[in-house]
Amino acid sequence: DVNVAGLGGRPATLRYVTTEYAPNTTVVLVGKGGGFTSVDRITVTPTATGCDVTYDAKLSLNGLLSPFNPLLGLIFNKVGDRAARGLRKVHA
């Protein structure tokens, strides 16, 4: 279980299950709760100097709110882009 900010900023708990696992390369987790579902894929790819880690999350609203999924995607992508810029800035 993971506690997150849910809809309207209210606290929500996502209960995650592992749906895919390949040792040392891939894990896919699906979390449900708080009115939405998150599918998180973490991929590790070896490189000459270590590894690259890719984290991809897809959020979707459940039930009556599902027609707003395109808007949720835009908001989540904006937050993710901001986080990526911050990581690049720190790493540089």
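**A hairpin, its turn and a nonpolar patch**

In this predicted model, Ala22 comes out as partly exposed, because its relative accessibility is 27% and the partly exposed class runs between the 20% and 50% cut-offs. Ala22 belongs to strand 2, which covers residues 11-22. Thr43 sits 21 residues away from Ala22 in sequence, yet the two C-alpha atoms are 9.4 Å apart in space.

Strand 2 has a partner in strand 3 (residues 26-33), and the two run antiparallel, joined by seven bridges. Within this pairing, Val17 faces Val30 of strand 3. The two strands make a hairpin with three residues between them.

One of the residues in that loop between strand 2 and strand 3 is Asn24. What is the phi of Asn24? The angle is near 65°, a positive value in a residue that isn't glycine. As a rule, most residues other than glycine have a negative phi. As for solvent, Asn24 counts as exposed, since its relative accessible area of 70% is over the 50% cut-off.

Away from the hairpin residues, there is a nonpolar patch to look at on the surface, made up of Leu65, Phe68, Leu71 and Leu74. Together these side chains' residues present about 400 Å² of accessible area. Leu71, one of the four patch members, is part of helix 1, which spans residues 69-91. With a relative accessible area of 48%, Leu71 is classed as partly exposed, because exposed would need over 50%.

Methods. Residues numbered from 1 in each chain as written. Predicted model: local features only at pLDDT ≥ 70, side-chain atom pairs only at ≥ 80, totals over all residues. Heavy atoms only, no water. Helix = DSSP H or I, 4+ residues; strand = E, 2+ residues; numbered from the N terminus. Buried < 20%, exposed > 50% of the residue type's maximum accessible area, 1.4 Å probe, protein only. Pairing = 2+ DSSP bridges. Patch = residues over 30% accessible without salt bridge, like charges linked within 9 Å, V, L, I, M, F, W, Y side chains within 5 Å. Areas by Shrake-Rupley, 256 points an atom, 1.4 Å probe, with all protein chains shown as cover.
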